[in-house]
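Let's take a friendly walk through this structure, stopping at a handful of residues and helix contacts along the way.

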Amino acid sequence: MHIIKSINDAVNSVVWGVPMLILIIGTGIYFSFRLGFFQVSKFRHILSSTIFSAFGKKKEQNEKALTPFQAMSTALAATIGTGNIAGVASAVAIGGAGAVFWMWVSAFFGMMTSFAENVLGVYYRKKNKKGEWSGGAMYYISEGLKNKKLAKVLAVLFSAFCVLASFGIGNMAQVNSIATSLENAFNIPPLAVGIVLAVIVGFILIGGVKRIGSVAEKIVPFMAMIYILFTLCVVILNIKAIPEVLSSIFKGAFGFDAVAGGISGALIKNAMTLGFKRGVFSNEAGLGSGVIVNSTADVKEPVEQGMWGVFEVFFDTIVVCTLTAFTVLSTGVHKTSSAEGASLVGEAFSQVFSSYAGAIVAVSITLFAFTTVLGWAFYGSKCLEYLFGGKSAVVYKIIFSLMLIVGSTMNLTLALEISDTLNALMAIPNLIGVLLLSGTVVKITRNYSDRKFKNKKVSPMLSAYTEIQFEMEK
C-alpha cells in the first residue's frame, strides 16, 4: 500500500500541479480571446437564454431527452458538492483570503472552457439504440479528430478514467461525507445511511436519464437556494466586515505581506495555486465531465447548451463558492479557529444560528453530496456505455449503488487520493480534444452570432450529422 500511495502521490503532484492548472486556465483564456470574451459581451443574452428562459413558456419536449434546465441541473448536481462547502473553507484557511480572487479568475475563464466543451458535446453527439442522446468528450474526440488512432486512444483513456473516478470522487467520497455529517449531527449509524442511499440511488438510476434529470431539477435549485439563504443571513449580519473582506482578498491575491511591509512571492503562489485548484475542483471546467449530461439536452443549437455551461460555472463558483468564502471571512473564524473544512463553516454559522448550525451544515452536505452521486453515476454509466455498449450500464448501476454501502463505513483516504488523480487525468485527453477542435467551436459560435445578432442569412451549424439526426426547419 505504501508503494501504491507513493506512486499516486508522484502522479498527482504532476497532474494537479502548476502546469496542469495553467493548461486548464490557459484553455479558458484562449477561447475567451478567440470568441471576443463571449462570457462578458453576451452575458445578458446568456442569462435570457438560460436561467430566465426556464421560467418562460414550456415547449414540447422529447420524451427521451432532458430539457436544457434538467441537463444543467444534473451537471450542477455533480459539480455542487462538498467542495463548495468544505473545499472553499479549507482553501481560505490554508491559502488565505487571496485564494478567493484566483478562484474567481479560474471561474471567469473556465466559463469559456465549459462553453467550448458543451458546444462540441452537442455538435458531435449521437443517439444510442434506445433513441437517447449520447455525447461527451469521448464522442467529440473520437468523431472530431482527424487522426483516428490518436482519437481512439484519447477517447478510451478519458472514458476509463471517468468510470474509475466515479466510484471514488462521485460515490464513496460523497457517501462518506454524508454518513459522517449525519452521524455527528443526528447520531445516525453510517451503515444505515449507506443502505438507505443505495436503495434510493438504485431506484433513481434504474429510471434512466429522465428520472435523474427530474430529481436533479427539483433538488438542485432547492438545495442551492436554501444554502444561499443561510450564507446570506450570515454575510448580511456581518455586512460591516465586507469592506475588510474585499480588501483582504485583493491584498492576499497579490501577496501583500503587512508584517514584512512588501510583496511576498510565496503568498502569491500559495493563494493562486489553491484558488485555481479550488475553482477547477468545484466547477469541473476542463475535466470534460459535465458535458456528458449537457449533451443529452433537447436542443438543436450547440451554442444554446454552451451558454448553459457558462451559467453553470458562474453559479457554482462565482455565486455558491463565493458565499461560502464570505461566510467564513466575514465572521473571522478562519483567524480564531483551528477547525477545517465543513467544521469551519459550521463555526461561522453558529454565530448566527447557534446550536442549529451543525444541523444546517449536515443537511447542506447531505443534499450537495447526494446530488453529486447522481451526476457522477450518469457520467460513469455513459462512459461505460461508450466502452462496452448499453448493456454494461445496467451492471454498472448495480455495482455503483452497492458501493455506497461500502463507502459509508470505510476509511477512504488512499482510495480518494487515487480517484482525485484519475479525475485530473480525465482533463488531459479532454483538453487535447477541445484545443484541437477549437476551430470548430469558433465556426459554430460565429455562425450562431451571425444569425442571432447580425441577421445574416446563413445555414445553421447544428450537428456534424445534421442530415441524419435533424429535420431542418424551412
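Is Gln-174 buried or exposed? Gln-174 counts as buried, with a relative accessibility of 6%. Please keep in mind as you read on that this is a predicted model.

## Two buried residues and their distant partners

Gln-174 belongs to helix H9, which covers residues 148–186. If you pick Gln-174 and Val-299 in your viewer, you have two residues that sit 125 places apart along the chain. Their C-alpha atoms are separated by 31 Å.

Leu-21 is a second buried residue to look at, at 2% relative accessible area. Its home is helix H2, residues 18–34. Leaving aside residues up to four places away in sequence, Leu-21 touches Trp-16, Thr-273, Phe-276, Lys-277 and Val-280. Val-193, by contrast, lies 36 Å from Leu-21, C-alpha to C-alpha, with a sequence separation of 172 residues.

## Helix H6 against H15

Now turn to helix H6, made of residues 86–95, and helix H15, made of residues 302–331. Their axes come within 9 Å and cross at roughly 50°. That angle makes H6 oblique to H15. The crossing of H6 past H15 is right-handed.

Which residues of H6 meet H15? They are Val-88, Ala-89 and Val-92, and on the H15 side the partners are Cys-321, Thr-324, Ala-325, Val-328 and Leu-329. Sorted by class, the residues of this contact are 7 nonpolar and 1 polar, with no charged ones.

## Helix H6 against H17

H6 also comes up against helix H17, residues 341–353. Here the axes come within 7 Å and cross at roughly 85°. H6 and H17 are therefore roughly perpendicular to each other.

From H6, the contact draws on Ala-86, Ala-89, Ser-90 and Ala-93. From H17, Gly-341, Ala-342, Leu-344 and Val-345 take part. The class count for H6 with H17 is 6 nonpolar, 2 polar and no charged residues. Ala-89 is worth a click, since it appears in the contact with H15 and in the contact with H17.

## Cysteines without disulfides

How many disulfides does the structure hold? The count is 0. Take Cys-162: the closest cysteine sulfur belongs to Cys-383, and at 3.5 Å it is too far for a bond, because a disulfide needs the two sulfur atoms within 2.5 Å. Cys-162 is also buried, at 0% relative accessibility.

Cys-321, which we met in the contact of H15 with H6, is in no disulfide either. The nearest cysteine sulfur to Cys-321 is that of Cys-233, 19 Å away. Like Cys-162, Cys-321 has 0% relative accessibility and counts as buried.

## Two asparagines with positive phi

Some background helps with the last stop: most residues other than glycine have a negative phi. Asn-187 is not a glycine, yet its phi is positive, near 60°. You will find Asn-187 in the loop between H9 and helix H10, the latter spanning 190–206. Asn-187 counts as exposed, at 66% relative accessibility.

Where does Asn-455 lie? Its place is the loop between helix H21, residues 438–452, and helix H22, residues 466–469. Asn-455 has a positive phi too, at about 55°, although it is not a glycine. With 63% relative accessibility, Asn-455 is exposed.

Methods: Residues are numbered from 1 along each chain as its sequence is written. This is a predicted model: local features need pLDDT of at least 70, side-chain atom pairs count only at pLDDT 80 or more; totals for chains, interfaces and linings use all residues. Side-chain values use heavy atoms; hydrogens and water are left out. Axes are lines fitted to C-alpha atoms, for helices over the stretch in contact, and angles run from 0 to 180 degrees between N-to-C directions. Helices (H or I, at least four residues) and strands (E, at least two) are DSSP runs, numbered from the N terminus. Angles under 35 degrees count as roughly parallel, over 145 as roughly antiparallel, 65 to 115 as roughly perpendicular and the rest as oblique. A crossing is left-handed if the near helix is turned anticlockwise from the far one by less than a right angle, and right-handed if clockwise. Contact means heavy atoms within 4.5 Å. Ala, Val, Leu, Ile, Met, Phe, Trp, Tyr, Cys and Pro count as nonpolar, Asp, Glu, Lys and Arg as charged, and the others, Gly among them, as polar. Buried means under 20% relative accessible area, exposed over 50%, partly exposed in between (1.4 Å probe, protein chains only).
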